[in-house]
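Me: I am new to this structure and would love a close look at one sheet in it. Please start with what you need to explain, then show me how that sheet is put together and what lies around it.

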Amino acid sequence: QVRNDLTGVLYGEDIEISDTESFSNDPCTSVKKLKGNDVRIILGQFDEEMAVKVFCCAYDEEMYGSKYQWIIPGWYENLWWESWINSSQCLSRNLLAAMEGYIGVDFEPLSSKMIKTISGRTPQQYEKEYNAKRGDGQSSKFHGYAYDGIWVIAKTLQRAMKYLNATNKHQKIEDFNYTNHKLGKIFLDAMNETNFFGVTGQVVFRNGERMGTIKFTQFQERKEVKVGEYNAVADTLEIINNSIRFQGLEPPKDKTIIQEELRKISLPLYSILSALTILGMIMASAFLFFNIKNRNQKLIKMSSPYMNNLIILGGMLSYASIFLFGLDGSFVSEKTFETLCTVRTWILTVGYTTAFGAMFAKTWRVHAIFKNVKMKKKIIKDQKLLVIVGGMLLIDLCILICWQVVDPLRRTVEKYNMEPDPAGRDISIRPILEHCENTHMTIWLGIVYAYKGLLMLFGCFLAWETRNVSIPALNDSKYIGMSVYNVGIMCIIGAAVSFLTRDQPNVQFCIVALVIIFCSTITLCLVFVPKLITLRTNPDAATQNRRFQFTQNQKKEDSKTSTSVTSVNQASTSRLEGLQSENHRLRMKITELDKDLEEVTMQLQDTPEKTTYIKQNHYQDLNDILSIRNFTDSKDGEKAILKNHLDQNPPAQWGSSDPSRTSKDPIEDINSPEHIQRRLSLQLPILHHAYLPSIGGVDASCASPCVSPSASPRHRHVPPSFRVMVSGL
């Protein structure tokens, strides 16, 4: 009945009752249900024996301390727990720990006010006199109410007698009986008008119930301490100063207060990563200035400066997306955050395609030129490369527009499990985190990743195909391969770690930002730093006119991937064989002319002696007049030059004739060495210039027959017609 009455009063005061449990033997099941329903303030109605069991269960369920407040009857005997501790299964210290801080509610047996009562005694004087008269007999805590009750009866009878004397003198108090309703009504009205100060406090009745004083005690350090009282007549609550003690910093909450807290990106972390991003953009701007300033340099011109500008633009767009990834609900409103979800996705996607699309377009041009099997002249202008990059961006725009129209990105809030307050307050923190998501997020991300993956594979294929092009100004295959490797590895690691750290925005933002910064920086540095170094140290080395560099790896290539190189080898070999055949033919013709020259020389001799003399002294010189240098090939194996060589053997002394011949007749002086020398010096040059044009030598009109040997062309390179140059005589 008390519980039902209390429930009605609480509902009338708009106080929620979370749960009501009843038990007869084991209260642990009920205690567990109370904890499961997050009940913090428990009103208990049980005797001392059951109270011990309840607090033992509360200790086991950890339903004590700063978060809980137990309110139980206060009419237990003093040290009531000691009588029932043995009947429980918990230790005494555990029971006392669970009991610490409970509040007992009981009526006040005697008033604590130092005021004289209706009897002329103060409550303290009454208690002293009562204890003196009762002696060693057992006292009852209701003796004060019995004493005030006698005074209530006396005052009621007195007030009824006055009423009867004033209204009906024929009826007296002695005429009372329990069937006289009229007289009973007079007694009831007289009792309701009772109002005096007794030893138990102010004595007043309302609706037939005594309005008394409620005492509150608290269990503190193994004893009950009075902490306040409630006066039902005046409806006032009095708390003794600093007497009540709570286990925490404040009174326990009636239930767990859940405070939602947005997990946001740390401002210092955002500042640091933004500073790194700004440094990266400054570096990209420096590369852009370098590229524009040196766009007319042969090294930069051959590397497509317009494509280089697009690579830098893509890198700067990727850098700019970092600023947007760091803006969350702590910086912008919900509507702005939802707009940023779309903007940052577009910027990062377009920046990636612009940078790598331009890089791969450059490589495709090198591949198209140097893998041209027909060896025809092929011109691919920058306008065509811009069209290729524009096509890649068009695919991106189609995907992004469809994504935005069909299933746009929205701001979603993800709630996580409750966490205790780090400051120790009696509240629970429910972290919430903002995300940019849509209904089919996995499908759209799969489409974007597949397209970007194909773009990377295409770049790897082009880099592999052009790896042997030996013009550094054109060939970036090695750096593209390094860039694709680093970007691919970092993107895979970054995507995995970012997915695993969804509930940690600081870690997720740090990983995403560092991946973007690393990929953009390494790509720009691999493209522009080698050019900068080469331009500063040896600008001509990167633009040497070398078309291919054949290595052992090239020879081991598959026939399908080396068709054009094999064609060049076959053409060079065929040309070399033709030059060698022509050289052999010319050598044979020179040999025949040498024989003719020898016969002409012999005809100039009139006597056998002179013939012998000529043979002995000048046959070797005449035989060595014409000779052909060995065939030499040029450094690149594509040109051959035929040269003439004159042995440096010293000529014989024409004047060293035998002394015995000086006594010959004057008739023989015509064949003397002096005459022969004069005839040869005039006739041989004439003969020489006569037959040189017939063998492809110099023209007959290019020099005078009387040109001295020192003025003749010697070891001079011939024009590409491969004519033979004969040494001077």
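Reply: One term first: a residue is called buried under 20% relative accessible area, exposed over 50%, and partly exposed in between, using a 1.4 Å probe and protein chains only. By that rule Phe 46 is buried, because its relative accessible area is 9%. Please keep in mind that this is a predicted model, in which local features need pLDDT of at least 70 and side-chain atom pairs count only at pLDDT 80 or more, while totals for chains, interfaces and linings use all residues. Residues are numbered from 1 along each chain as its sequence is written, and side-chain values use heavy atoms, with hydrogens and water left out.

Now to the sheet. Helices (H or I, at least four residues) and strands (E, at least two) are DSSP runs numbered from the N terminus, and two strands pair if DSSP finds at least two bridges between them. Six strands make up this open sheet, arranged as S1-S2-S3-S7-S8-S9 with mixed pairing. What stands at the edges of the sheet? Strand S1 (41-43) and strand S9 (236-239) do, and each has a single partner strand, so one side of each is left without a neighbour in the sheet.

Let us begin at the S9 edge. Strand S8, which covers residues 224-231, is antiparallel to S9, and four bridges hold the pairing. One place to find this in the model is Asn 231, which faces Thr 236 of S9. In the loop between S8 and S9 you will meet Asp 235. Asp 235 is not a glycine, yet its phi is positive, at about 55°. With a relative accessibility of 54%, this residue counts as exposed. Such a phi catches the eye because most residues other than glycine have a negative phi. On the other side of S8, the loop that joins it to strand S7 (213-219) holds Arg 222. Arg 222 is another non-glycine residue with a positive phi, of about 70°.

Next, cross to the S1 edge. Phe 46, the buried residue we started with, belongs to the loop between S1 and helix H3 (48-60). Across the whole structure, a search finds 20 aromatic pairs; rings of Phe, Tyr and Trp (its six-membered ring) pair if their centres lie within 6.5 Å, with planes under 30 degrees apart counted as stacked, over 60 as edge-to-face and the rest as tilted. In one of these pairs, Phe 46 meets Phe 23 in a tilted arrangement, with 6.5 Å between the centres and 40° between the planes. Phe 23 comes from the loop between helix H1 (2-12) and helix H2 (28-36), so this pair links distant parts of the chain, 23 residues apart. At 30% relative accessibility Phe 23 is partly exposed, whereas Phe 46 is buried. Ring pairs also build a cluster, whose members are Phe 55, Trp 70, Trp 75, Tyr 76, Trp 80, Trp 81, Tyr 102 and Phe 219.

A strand that is not listed in the sheet order also deserves a stop: S4, residues 195-198, contains Phe 196. Phe 196 is buried, as its relative accessibility is 8%. Contact here means heavy atoms within 4.5 Å. Setting aside neighbours within four places in sequence, the contacts of Phe 196 include Ile 118, Trp 151, Val 152 and Lys 155, as well as Asp 148. Phe 196 and Asp 148 are 48 residues apart along the chain, and their C-alpha atoms are separated by 9.5 Å.

For comparison, look further along at strand S13 (residues 427-437), where nine of the eleven residues are buried. S13 runs parallel to strand S10 (residues 257-262) over six bridges, and Glu 261 stands opposite Pro 431 there. With strand S11 (residues 410-415), S13 is antiparallel and shares six bridges, one place being Val 413 with its bridge partner Glu 434. Strand S12 (residues 419-420) is also antiparallel to S13, through two bridges, and Pro 420 faces Ser 428. Six residues lie between the strands of the S12 and S13 hairpin, where Gly 424 takes a positive phi near 85°.

Finally, step back to the whole protein. It has 19 helices and 15 strands, and 37% of its 729 residues count as buried. Among contacts with a separation of 6 or more, 69% join residues 24 or more positions apart.
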